[in-house]
Amino acid sequence: MPPKKLAAGNWKMNGLKADLAEVAALAEAHATTACEILICPPATLLAPMAATVGSAPILLGGQNCHAAESGAHTGDISAAMLKDAGAGYVILGHSERRADHGETDAEVRIKTGAAWTAGLTAIVCIGETLSQREAGETLDIVGGQLDGSLPDGSTAENMVVAYEPVWAIGTGKVPTTVQIAEVHDFLRAQLVSRFGDAANGIRLLYGGSVKPSNAAEIFAVSNVDGALVGGASLKAADFGGIIDALAAA
Ligand code: PEP
């Protein structure tokens, strides 16, 4: 059976212990759900969030990991540490990390291998900038990122891909459903061509200014298996609306 659709929240560098109340509210409102729910908080909140979630069906993830298992890497965090703190997933290659820390496709690929070794599912992010879209390069860019960032051996169980146009992240701008379908259909074909029919089960998330008000329309697009949500994942009411739209899709 293919994995369930996935509503993933990326809290970025937001969240203190007081914000666990939002997760408690989300857990109470979603004791059962037709889709998977994932929150990727700052690493400091992973363990307390795991305690807050309790037996509710809310999965947890990290936002980055180092390629090494351990060692002299001050300020970094390993995949095994994320797992130990309660994570089952890790976001890798988010455009903010590619921009702020110069992460390359090759580094994302190596980190993905480290995540797998620790037993984490990777959510690898790809997406074009506005100037790349305007130059008509979108499919070339995302195709190259997909090829370079995913290791051999990617499966529906160990890999999720998030298509996040850089110009749509945190801007309130969203591609048209035709534009989203074009990219997702292209990515699906490339995944199947490289990994075989089983890659039909690799979840393809859309990310970039998803809100309760536009979620249903986005989830109706072909080959959209869920969303990676930034700002709207911070409040239970907003993220809950997106989860409900995905569960109904
Ligand atoms: C993100 O950062 O992954 C994201 C999609 O952000 P937002 O939903 O705020 O655009």
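Mentor: A polar contact is a pair of N or O atoms within 3.5 Å; within protein, one atom must be able to donate a hydrogen and the other to accept it, and residues adjacent in sequence count only if both atoms are side-chain atoms. The model is predicted, so local features need pLDDT of at least 70 and side-chain atom pairs pLDDT 80 or more, while totals for chains, interfaces and linings use all residues. Residues are numbered from 1 along each chain as its sequence is written, and side-chain values use heavy atoms, without hydrogens and water.

Trainee: What makes the pair between His 94 and the ligand a polar contact?

Mentor: A polar side-chain atom of His 94 lies 2.8 Å from an oxygen atom of the ligand. The limit is 3.5 Å, so the pair qualifies.

Trainee: Which distances place Lys 12 and Glu 164 in polar contact with the ligand?

Mentor: For Lys 12, a polar side-chain atom is 2.5 Å from a ligand oxygen; for Glu 164, a side-chain N or O atom is 2.7 Å from one. The protein covers 97% of the 290 Å² of accessible area (Shrake-Rupley method, 1.4 Å probe) that the ligand has on its own.

Trainee: Why are the buried residues of helix H2 said to line one face?

Mentor: In H2, residues 46-53 (a DSSP run of H or I, at least four residues), the buried ones (under 20% relative accessible area, 1.4 Å probe, protein chains only) are Leu 46, Met 49 and Val 53. Seen down the axis, they fall within an arc of 65 degrees (directions from the helix axis to the C-beta atoms), so they line one face.

Technical notes
Buried means under 20% relative accessible area, exposed over 50%, partly exposed in between (1.4 Å probe, protein chains only). Helices (H or I, at least four residues) and strands (E, at least two) are DSSP runs, numbered from the N terminus.
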